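Today I opened a new model and picked one residue to follow through the fold. These are my notes as I went.

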Amino acid sequence: MPEDITISFVRESYQRELFKWFRDNNYIVEKTYGGIYYIVKEGFFVTQIIVLKELDKENHTCLTALTRKMDKDSAYRLAEFVADLTDKEDKDNADAVLQVAMQENMKLFDMLKEDEVMCDALREFFKDELQEANERGIAIGTEIGTANGIEIGKAEAIIEILEERGQVPANLAEIINSQKDLEVLKQWVKLAARVDSVDDFETAIGLVK
């Protein structure tokens, strides 16, 4: 039966023309709470229209989250509201609302992830994602640090080998230290060990023609 079903629509602001149309066509428009309107007519589905701007944010935390214009305070309030729920069904429903809010306000939540004073509720919600990002950052940092260490070590080895064959000019040392290609550095280590002089090394790498 139609009366057993309620259809809900969410609007950012009051749609004057829409409500006028309902009244002009003999629908009953009832405002039961601030921002919540019921549209009723015999033989038709009951329709609920939620006007977000008219809702009390404190009393309708989840409903006011169904917006594309969420602010930082509202995001924190929603996260804390969800975190405080103990009933599993209520928590699952509220989590779903939070997911919708995040999807519709992606830029805001991306910014909040970088916020040093992120509230505990949001930090808990983003725990897995933040942990993954942290581990990825550590792995990248380790990889970069290891690669840099290898580069520095090989450059120092080349210079030490060449110093046994004569004085290493400052410009040559700078070229060796600035080389970032590990394959080139490996070749230079072998080359430095083969040549009889620093001049031979410079010639071999094309520094002297």
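A word to pin down before I start: a residue counts as buried when its relative accessible area is under 20%. I also noted that this is a predicted model.

Entry one. I looked up strand β4, which covers residues 46-51. Is it buried on one side or on both? Both faces turn out to be covered. Val 46, Gln 48 and Ile 50 are buried on one side, and Thr 47, Ile 49 and Val 51 are buried on the other. That makes 6 of the 6 residues buried, so β4 is largely enclosed by the rest of the structure.

Entry two. Which strands pair with β4? I found β1, residues 6-11, running parallel to β4 and joined to it by 6 bridges. Thr 6 has Val 46 as its bridge partner in β4. Then there is β3, which runs antiparallel to β4 with 4 bridges between them. The hairpin of β3 and β4 has 5 residues between the strands, and Gly 43 takes a positive phi near 90 degrees there.

Entry three. I moved to Ile 39, which sits in β3, residues 36-40. Across in β4, Ile 39 stands opposite Thr 47. Is Ile 39 buried or exposed? Its relative accessible area is 2%, and the cut-off is under 20%, so I wrote down "buried".

Entry four. I checked what Ile 39 touches beyond its neighbours within four places in sequence. The contacts include Phe 19, Phe 22, Tyr 27, Val 29, Phe 45 and Ile 49. Phe 19 is 20 residues away along the chain, yet its C-alpha atom and that of Ile 39 are separated by 8.9 Å.

Notes:
Residues numbered from 1 in each chain as written. Predicted model: local features only at pLDDT ≥ 70, side-chain atom pairs only at ≥ 80, totals over all residues. Heavy atoms only, no water. Helix = DSSP H or I, 4+ residues; strand = E, 2+ residues; numbered from the N terminus. Buried < 20%, exposed > 50% of the residue type's maximum accessible area, 1.4 Å probe, protein only. Contact = heavy atoms within 4.5 Å. Pairing = 2+ DSSP bridges.
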